[in-house]
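Let's take a walk through this protein together, starting from one small contact and working outwards to the whole fold.

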Amino acid sequence: TIGTPLYKVEDNNLKHVGFCSGGDTISRVLSKSNIFSLFKQALINTDNSISDSDIDLYLAIIRRIKEISNKNNSSLIIAYIDSTEERLVNTKWTNESIIAEMSDISYVVDVTLAERIEELDPKFYIHELDEHPSSIANQERAMILYHMLQKINSE
């Protein structure tokens, strides 16, 4: 997303390398070109899959958030939504192994709202082409987090 931080993992450390941009005028013009679109399809991963390095970056960001939380005497709770199996197919990871890795970092709560994301009831997203959560999904997830907070506070 334009303006959001851009990170890379270098030498097993998370490094802020800038911000995501919308591209310059030439890039925007090229993006309208059919030839450019064919070139992009051939060379860039457009199948929405995730790589091992994507997950490594994700976990590095979570570890850094945990460090900052600890410095601020705060607890970190990681709310996790399953990835589709298709997105993980080219990795060594599964949803279960990602959750296990994150559990070594901090508290993790699965807020998928289904056994598998592929089984998510349509009432939990806005539209099949826009799977942002519905207000019902947000309420359900808020309740799951509320119960997790109660559990943590009673420990």
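The backbone oxygen of Lys 123 sits 2.6 Å from a polar atom in the side chain of Ser 134, which makes a good starting place. A polar contact here is a pair of N or O atoms within 3.5 Å; within protein, one must be able to donate a hydrogen and the other to accept it, and residues adjacent in sequence count only if both atoms are side-chain atoms.

Before going further, a word on the model: it is predicted, so local features need pLDDT of at least 70 and side-chain atom pairs count only at pLDDT 80 or more, while totals for chains, interfaces and linings use all residues. Residues are numbered from 1 along each chain as its sequence is written, and side-chain values use heavy atoms, with hydrogens and water left out.

**Around Ser 134**

Ser 134 is found in the loop between strand 6 (130-133) and helix 6 (135-154); helices (H or I, at least four residues) and strands (E, at least two) are DSSP runs, numbered from the N terminus. With a relative accessible area of 12%, Ser 134 is buried. That word means under 20% relative accessible area, whereas exposed means over 50% and partly exposed lies in between (1.4 Å probe, protein chains only). Leaving out residues up to four places away in sequence, Ser 134 touches Lys 123, Phe 124, Tyr 125 and Ile 126, where contact means heavy atoms within 4.5 Å.

**The overall fold**

The protein chain has six helices and six strands. Read from the N terminus, the order of elements is β-β-α-α-α-β-α-α-β-β-β-α. Of its 155 residues, 23% count as buried. Among contacts with a separation of 6 or more, 55% are between residues 24 or more positions apart.

**Nonpolar cores**

A nonpolar core is a set of buried Ala, Val, Leu, Ile, Met, Phe, Trp, Tyr and Cys residues joined through side-chain atoms within 4.5 Å. The largest one has 13 residues, of which Ile 55, Leu 59, Ile 62, Ile 78, Ile 98 and Met 102 touch the most other members. Helix 3, strand 3 (77-80) and helix 5 are the elements that give two or more residues to this core, and the largest share, three residues, comes from helix 3. Met 102 touches Tyr 58, Leu 59, Ile 62, Ile 78, Tyr 80 and Val 108, not counting residues up to four places away in sequence. A second, separate core of five residues includes Ile 117, Leu 120, Phe 124 and Ala 137.

Helix 6 also holds Met 148, which is buried at 11% relative accessibility. Beyond residues up to four places away in sequence, Met 148 touches Ile 77, Tyr 107, Val 108 and Val 109. The C-alpha atoms of Met 148 and Val 108 are separated by 9.0 Å, with their positions 40 residues apart along the chain.

**Salt bridges**

How many salt bridges does a search of the whole structure find? There are six, each being a side-chain nitrogen of Lys or Arg within 4 Å of a carboxyl oxygen of Asp or Glu. Three of them are listed here.

| Pair | N to O distance |
|---|---|
| Glu 10 and Lys 15 | 3.7 Å |
| Arg 64 and Glu 67 | 3.0 Å |
| Glu 96 and Arg 116 | 2.7 Å |

Glu 96 and Arg 116 link distant parts of the chain, 20 residues apart: Glu 96 lies in helix 5 (residues 95-103), and Arg 116 in the loop between strand 4 (107-110) and strand 5 (125-127). Salt bridges that share partners join Asp 82, Glu 85, Glu 96 and Arg 116 into one network. Glu 96 counts as partly exposed at 45% relative accessibility, whereas Arg 116 is buried at 18%.

Arg 64 and Glu 67 both belong to helix 3 (residues 52-71), three residues apart, or about one turn of the helix. Arg 64 is partly exposed, with a relative accessible area of 34%, and Glu 67 is partly exposed at 42%. In the remaining pair of the table, Glu 10 is partly exposed at 33% relative accessibility, and Lys 15 is partly exposed at 42%.

**The largest pocket**

The largest pocket holds about 720 Å³ of space. On a 1 Å grid over the protein atoms alone, a pocket is an open set of points where a 1.4 Å probe fits, with protein on both sides within 12 Å along at least five of seven lines; lining residues have an atom within 4 Å of a point. Of the 26 lining residues, Asp 82, Ser 83, Thr 84, Arg 87 and Ile 117 are the closest to its centre. Helix 3, helix 4 (85-88) and strand 6 each supply at least two residues of the lining.

Key
Points joined across faces, edges and corners; volume = space filled by probe spheres on them.
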